[in-house]
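Here is a friendly walk through one protein model, written for someone new to reading structures. Have a look at the picture first, then read on.

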Amino acid sequence: MTDSFTLRHDWSIAEIQAILDAPLMDLLWRAQQVHRQANPGYRVQLASLLSVKTGGCEEDCTYCPQSMHNSSDVTGQPELEVEPVLARARAAKQAGADRFCMGWAWREIRDGAPFEAMLSMVRGVREMGLEACVTAGMLTDAQAMRLAEAGLTAYNHNLDTSPEHYDRIITTRTYEERLETLQRVRRAGVTLCCGGIIGMGESDRDRASMLQVLATIDPHPESVPINALVAVEGTPLEAQTPVEPLELVRMVATARILMPHSRVRLSAGREQLSQEAQILCLQAGADSIFYGETLLTTGNPAVEADKALLAAAGVQASWQAQPETHACN
Ligand code: SF4
């Protein structure tokens, strides 16, 4: 069988924009061909996300309710300790997740007791047989190496938006610092989870430009979360108009075409999509969905709704597949 795609790392913004703007049926057809060839079996990974340290973040990300610069900030929530986090990971595994992502609302990883606790969480999650992902801001080479030694599967650090639009979204950390963090993660041998958000007032060209940065990383990030802004009251972006579901479908399909083997994760904003729009995203090549924190009680309706979603789409969750193969392993 001839490859329906060529693995490239030299995409131009104009080429990407042409893909994003293609007639929807052509775009979906192309994305389907790439996806079915690169990721046979149509399996969707379920990832569970837990906020370990919530709120009070020094960064000024305009979309984020956890920034201390925004009136939405929830301060005073205690940081979770190791055992409760591992209990949540166990519950996530029982509910069908096979990747457990932990978040710290930090500008950068803090050495000392908080970092040692993070390492214990990573070890514990890996011992359960789950993939472990951490998002905690910038890190040093030494911290990246210690996370790798603890068995960390992936480190999440999103681009958020295009280099051109970036200054309107964040001013406390540069785009260059983001790219350096990604390089540190890669040097330590940990896989990259890196994507962005649409619906933050960016242009179509900005979307293509962000995808270009991702698609010219060599090798491509193993995991690419595509988020739609959830406009939260008290953030500077609270009045943003929600993105049209088909815009998200287009982003997913284009990401799939550009980065055939990456896990394209349908992330924030999924709650606002109908089941049909989510199925279109799966058809466009999304092969992971995030369960939220509300996952973690038995019989949670969100879990049941997601199982119904996968059943309606006729796709398997990755834990149902034997043997397991992950693009990011
Ligand atoms: S770095 Fe993360 S937690 Fe902090 S404000 Fe930005 S998005 Fe929110």
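## A walk through the model

For residues 321–329, pLDDT stays under 50, and the model has 22 contacts there beyond four places in sequence. This is a predicted model, so it helps to ask where the predictor is confident. Across the whole protein the average pLDDT is 90, with 91% of the residues scoring at least 70. Residues 295–299 are another stretch with pLDDT below 50, and this one has 10 contacts beyond near neighbours in sequence. Where pLDDT is low, the predicted coordinates should not be read in detail.

### The strands

Let's start with strand β2, which covers residues 99–104. How many of its residues are buried? The count is 6 of 6. You can split them by face: R99, C101 and G103 sit on one side, while F100, M102 and W104 sit on the other, and both sides are covered.

β2 has a partner in strand β1 (residues 43–53), and the two pair in the parallel sense over 6 bridges. Two of the matched pairs are easy to look up: L50 is bridged to M102, and S51 is bridged to G103. β2 also pairs in the parallel sense with strand β3 (residues 131–135), this time over 5 bridges. Here F100 has A132 as its bridge partner.

Now switch to β1, where 9 of the 11 residues are buried. Besides β2, β1 runs parallel to strand β9 (residues 288–291), with 4 bridges joining them. In that pairing, A47 stands opposite F290. β1 is also joined to strand β10 (residues 316–317) by 2 bridges, again in parallel. The pair to look for there is V44 and A317.

### Around the ligand

Which residues surround the ligand? They are C57, E59, C61, Y63, C64, S67, A105 and R173. Sorted by class, this shell has 5 nonpolar, 1 polar and 2 charged residues.

A few cysteines appear in that list, including C57 and C61. C57 has a relative accessibility of 10%, so it counts as buried. C61 comes in at 8%, so it counts as buried too. And what about disulfides? A search of the whole structure finds 0 of them.

### Some buried residues to look up

The cut-off for "buried" is under 20% relative accessible area. Here are four residues that fall below it, with the place where you can find each one.

| Residue | Where | Relative accessible area |
|---|---|---|
| Q17 | helix α1 (residues 13–20) | 19% |
| T62 | loop between β1 and α3 (82–94) | 13% |
| Y42 | loop between α2 (24–38) and β1 | 12% |
| D160 | loop between β4 (154–156) and α6 (175–187) | 2% |

Is Q17 buried or exposed? At 19%, Q17 is buried because its value is under the 20% cut-off. Leaving out neighbours within four places in sequence, Q17 is in contact with D204, R205 and A208.

T62 has a longer list of partners to find. Not counting residues up to four places away, T62 touches N70, R168, I169, T235, P236 and L237. T62 also makes a nice example of how a chain folds back: T62 and A231 are 169 residues apart in sequence, yet their C-alpha atoms are 9.9 Å apart in space.

### Some unusual backbone angles

Most residues other than glycine have a negative phi, and most peptide bonds are trans. Which spots in this model go the other way? Y42 has a phi near 50 degrees, a positive value in a residue other than glycine. D160 is another case, with phi near 75 degrees.

For the peptide bonds, look at D218 and P219: they are joined by a cis bond, with omega about -5 degrees. P219 sits in the loop between α7 (204–215) and β7 (223–228).

Key:
Residues are numbered from 1 along each chain as its sequence is written. This is a predicted model: local features need pLDDT of at least 70, side-chain atom pairs count only at pLDDT 80 or more; totals for chains, interfaces and linings use all residues. Side-chain values use heavy atoms; hydrogens and water are left out. pLDDT is the predictor's confidence in each residue, from 0 to 100. Contact means heavy atoms within 4.5 Å. A disulfide is a pair of cysteine sulfur atoms within 2.5 Å. Buried means under 20% relative accessible area, exposed over 50%, partly exposed in between (1.4 Å probe, protein chains only). A residue is near a molecule or strand if one of its heavy atoms lies within 4 Å of it. Ala, Val, Leu, Ile, Met, Phe, Trp, Tyr, Cys and Pro count as nonpolar, Asp, Glu, Lys and Arg as charged, and the others, Gly among them, as polar. Two strands pair if DSSP finds at least two bridges between them.
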